Each structure stands twice: as C-alpha cells, then as structure tokens.
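Here are my notes on the model, as promised. Have it open while you go through them, since each point picks out a few side chains to look at.

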Amino acid sequence: MREYYAFTDGACSGNPGPGGWGVLYQAREGDRVVKEVELSGGEAMTTNNRMELMAAIAALERLARPSDITVVTDSAYVRNGVTQWIAGWKRNGWRTAGGQPVKNEDLWRRLDAAQARHRVRWEWIRGHAGHPENERADALARAGMTPYRQGSKA
C-alpha cells in the first residue's frame, strides 16, 4: 500500500527578515521511496513561524485531489496550532483564550482550508537532529530564502 508524506520546514534570516519554506514529498511502499517531489519558496520580509506555516500550506494546497497524507514538521507551533488550538480560535472569532487576535490569522485560515480537503495526520519531529528528510526540507527552506537575502543576485 502506498503512503504519502510531506516533510516541511521554514527558515528565516533574522526574525523578522528574509525567509523561506521547503517541502519534500515522498510516496512510499513499505520502507521503499517510490517517488519524491521538492518544493520551495520564500518572502523578503517575514518570520520563522510564517514560513513554517507556509511550508505546511504549500504541501497541502499542491495536492490535486483529496488525499491521505502525513505532514511531518519540526514546528511545535504548527503542530499544536493545527491539532489543539485552531478549534478554539475559530469558536472565539479568531481570538486567543486571552482575547487577543490570533497571530498569523491569515495563514492559519489558509491552512485550515487546505487541510479540510484531506485526511491529514500531523507528526512532530525534533529539528536539526539528523533526520534525513527534515534536513532536506531545511535545505529547501534555506534555498527558498536565498533570492531574498541582502546581496544575493536573484
């Protein structure tokens, strides 16, 4: 049986500053990778949390049809937000439990809509811990940031 994974990561040079996001898709049959696709992008002025969100959004929005997919992130912010906090934010009119506006509401709404089309399993892993797919997603995120870094030739 084929299983689908999206390994996502975000990066930022300064916070805020130039940022990038990366996605490594894998289709697996058992322990064997049968297909891979890489995506990346970035922005000139952003935050690390926004780039982490954009990676997850890009991973889900790119899927052409409803899918079963495991999204693997090293961002506790993304994983906790999407699995624990978002339902309360929506009930509270996009306000936190303390009554403050939700930061990055635009991207949380977009992620909520993107995941609604799919059956998503969210998995957290420790970043920068030698996990090969996470390291590749990190490299893609850094590559996505490159055109926006001061002094780079885009």
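**Notes on the predicted model**

1. Let's start with tyrosine 5, which is buried because its relative accessibility is 13%, under the 20% cut-off. Bear in mind that this is a predicted model. Tyrosine 5 belongs to strand S1. Its C-alpha lies 5.8 Å from that of valine 71, although 66 residues separate tyrosine 5 and valine 71 in sequence.

2. What sits over the ring of tyrosine 5? It's the charged end of arginine 28, 4.5 Å from the ring centre. Worth a look if you're already zoomed in on that side chain.

3. On to the salt bridges: the whole structure has 12 of them. One of them joins glutamate 29 and arginine 2, with N to O at 3.0 Å. This pair ties together distant parts of the chain, as glutamate 29 is in strand S2 (residues 17-29) and arginine 2 is in strand S1 (residues 2-12), 27 residues apart. Glutamate 29 counts as partly exposed, at 31% relative accessibility, and arginine 2 is partly exposed as well, at 37%.

4. Another salt bridge runs between glutamate 36 and arginine 136, whose closest N and O atoms are 2.9 Å apart. Here, too, distant parts of the chain are linked: glutamate 36 comes from strand S3 (residues 32-46) and arginine 136 from helix H4 (residues 132-145), with the two positions 100 residues apart. As for exposure, glutamate 36 has a relative accessible area of 36%, so it is partly exposed. Arginine 136, at 31%, is also partly exposed.

5. Glutamate 105 and arginine 109 form a salt bridge within a helix, at 2.7 Å from N to O. Both residues lie in helix H3 (residues 105-116), 4 residues apart, or about one turn of the helix. Glutamate 105 is partly exposed at 25% relative accessibility, and arginine 109 is partly exposed at 42%.

6. Which residues do salt bridges with shared partners join into one network? They are Arg2, Glu29 and Arg32. The pair from point 3, arginine 2 and glutamate 29, is therefore part of that network.

7. While you're in helix H3, look at arginine 110, which is found there too. Arginine 110 is partly exposed, with a relative accessible area of 34%. Arginine 110 and alanine 58 are 52 residues apart in sequence, and their C-alpha atoms are 10.0 Å apart in space.

8. Now the aromatics. The whole structure holds 5 aromatic pairs. In one, the rings of tryptophan 85 and tryptophan 89 have centres 5.9 Å apart and planes at 50°, so this pair counts as tilted. Both residues are in helix H2 (residues 76-91), 4 residues apart, about one turn of the helix. Are the two tryptophans buried or partly exposed? Tryptophan 85 is partly exposed at 34% relative accessibility, while tryptophan 89 is buried at 10%.

9. Tryptophan 89 also pairs with tryptophan 94: the ring centres are 6.5 Å apart and the planes are at 40°, so this pair is tilted as well. Both tryptophan 89 and tryptophan 94 are buried. Taken together, ring pairs link Tyr77, Trp85, Trp89, Trp94 and Trp108 into a cluster.

10. Last, the largest pocket, which has about 640 Å³ of space. Its lining is made up of 23 residues, and the closest to the pocket centre are Tyr4, Leu63, Ser67, Asp68 and Ile69. Which elements give two or more residues to this lining? They are S1, S2, S3, strand S4 (68-73) and strand S5 (119-124). S1 gives the most, with 4 residues.

11. On the chemistry of that lining, the residues of the largest pocket divide into 11 nonpolar, 3 polar and 9 charged. If you want a place to begin there, strand S1 is a good match for point 1: S1 holds tyrosine 5 and gives the most residues to the lining of the largest pocket.

How values were computed
Residues are numbered from 1 along each chain as its sequence is written. This is a predicted model: local features need pLDDT of at least 70, side-chain atom pairs count only at pLDDT 80 or more; totals for chains, interfaces and linings use all residues. Side-chain values use heavy atoms; hydrogens and water are left out. A salt bridge is a side-chain nitrogen of Lys or Arg within 4 Å of a carboxyl oxygen of Asp or Glu. Buried means under 20% relative accessible area, exposed over 50%, partly exposed in between (1.4 Å probe, protein chains only). Rings of Phe, Tyr and Trp (its six-membered ring) pair if their centres lie within 6.5 Å; planes under 30 degrees apart count as stacked, over 60 as edge-to-face and the rest as tilted. A charge sits over a ring if NZ of Lys or CZ of Arg is within 6 Å of the ring centre and within 35 degrees of the ring normal. On a 1 Å grid over the protein atoms alone, a cavity is a set of points where a 1.4 Å probe fits but cannot get out, and a pocket is an open set with protein on both sides within 12 Å along at least five of seven lines; lining residues have an atom within 4 Å of a point. Grid points are joined across faces, edges and corners, and a volume is the space filled by probe spheres set on the points. Ala, Val, Leu, Ile, Met, Phe, Trp, Tyr, Cys and Pro count as nonpolar, Asp, Glu, Lys and Arg as charged, and the others, Gly among them, as polar.
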